[in-house]
Amino acid sequence: MKKIVIIALAAFLLTGCAVAAVRPDVVIMSTYDIGDEQQEKTLEGLIIGIDPGHQAKANNEREPIAPGSSETKIKVSSGTAGVSTRTAEHVVNLQIGLLLRDALEARGATVIMTRETADVDISNIERATMMNEAGADLCLRLHCNGSTDRSANGSQMFVRRTGAMAEESAQAAEIIVECMCAHTGARNRGIVRNDNYTGLNWSEVPSILVEMGFMSNPQEDEQLSDPQYQQKLVDGMVEGIEKYFGRETAQEE
């Protein structure tokens with residue numbers, strides 16, 4: 001049985017976060033099982049962008065929130081961390097991003113990653129620009145949520161309210177979040193449309209900010225670092241992408 005093995009060595013110090021520091025020197029291993037037979041190339045010809053949100057160290061310089069806007073936001077934050085696992089959000093986002101990359105490539109898609117390591121400095125405008133220049137058919141910006149209410153849970157999608165590809169992004173988001181929640185059993189928190197996110201506002205391609213779950217919820221935090229649960233999230237996203245583009249296999253239909 002053929003397997004792709006992804007090993008990430010995380011040794012870093014979480015900065016700029018109100019949650020306790022992450023554990024250093026954590027070795028994280030996860031696998032994506034392709035199976036004995038070659039995957040059906042359901043996504044051949046498509047370019048899918050994956051932006052594993054955040055990075056190891058924040059960049060607090062500021063950039064315009066949208067083209068021509070006088071409002072600014074910091075270029076990129078280091079994100080949140082798990083209340084139970086103490087794992088940094090950017091680590092979880094990358095773990096799942098790499099699994100998603102492999103699953104999409106196994107189905108024939110061309111995948112564009114904004115980062116494949118934590119040690120980068122890429123602003124939200126730069127991340128969006130990468131996808132624009134690649135001509136991505138769809139971009140998923142992977143994130144984990146946080147709340148002062150530790151009972152808050154579930155998966156949620158954010159898309160831009162106005163501007164380029166707003167409707168296409170909303171249509172894709174609705175399908176993908178339904179498939180994700182069907183695979184994981186997580187609460188479907190639906191779709192939020194607003195123009196508050198730099199990475200979405202600068203996108204010229206369909207783009208979705210995927211909040212996969214709440215790291216502020218102890219149970220969901222543990223799940224988000226569980227390789228089996230991560231695979232369920234990936235399976236849901238892949239199925240949603242196939243459905244959005246009308247590429248379902250006969251068995252899935």
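**Close-up views of a predicted model**

**View 1. β3 pairs with β7 and with β6.** Five bridges join β3 to β7, and the two strands run parallel. Ile48 stands opposite Leu138 in β7. This is a predicted model. β3 is also joined to β6, by four bridges, again in parallel. There, Ile48 has Val111 as its bridge partner. β3 is mostly covered, with five of its six residues buried.

**View 2. The largest nonpolar core has 40 residues.** Leu104, Leu140, Ile208, Met212 and Met237 touch the most other members. Several elements give two or more residues to this core, among them the strands β3 (47-52), β6 (110-113), β7 (138-145), β8 (155-159) and β10 (207-214). The helices α1 (89-106), α3 (166-184) and α6 (227-244) do so as well. α1 provides the largest share, eight residues.

**View 3. Ile208 and its contacts beyond four places in sequence.** Ile208 touches Leu138, Cys139, Leu140 and Arg141. Met157, Phe158 and Val159 are also among its contacts. So are Ser169, Ala172, Ala173, Ile176 and Leu200.

**View 4. The largest pocket has a volume of about 340 Å³.** Its lining comprises 20 residues. His54, Ser77, Asn124, His143 and Tyr197 lie nearest the centre of the pocket. At least two lining residues come from each of β5 (72-76), α2 (124-134), β7, α4 (198-201) and β10. By class, the lining has nine polar, six charged and five nonpolar residues.

Conventions. Residues are numbered from 1 along each chain as its sequence is written. This is a predicted model: local features need pLDDT of at least 70, side-chain atom pairs count only at pLDDT 80 or more; totals for chains, interfaces and linings use all residues. Side-chain values use heavy atoms; hydrogens and water are left out. A nonpolar core is a set of buried Ala, Val, Leu, Ile, Met, Phe, Trp, Tyr and Cys residues joined through side-chain atoms within 4.5 Å. Buried means under 20% relative accessible area, exposed over 50%, partly exposed in between (1.4 Å probe, protein chains only). Contact means heavy atoms within 4.5 Å. Two strands pair if DSSP finds at least two bridges between them. On a 1 Å grid over the protein atoms alone, a cavity is a set of points where a 1.4 Å probe fits but cannot get out, and a pocket is an open set with protein on both sides within 12 Å along at least five of seven lines; lining residues have an atom within 4 Å of a point. Grid points are joined across faces, edges and corners, and a volume is the space filled by probe spheres set on the points. Ala, Val, Leu, Ile, Met, Phe, Trp, Tyr, Cys and Pro count as nonpolar, Asp, Glu, Lys and Arg as charged, and the others, Gly among them, as polar.
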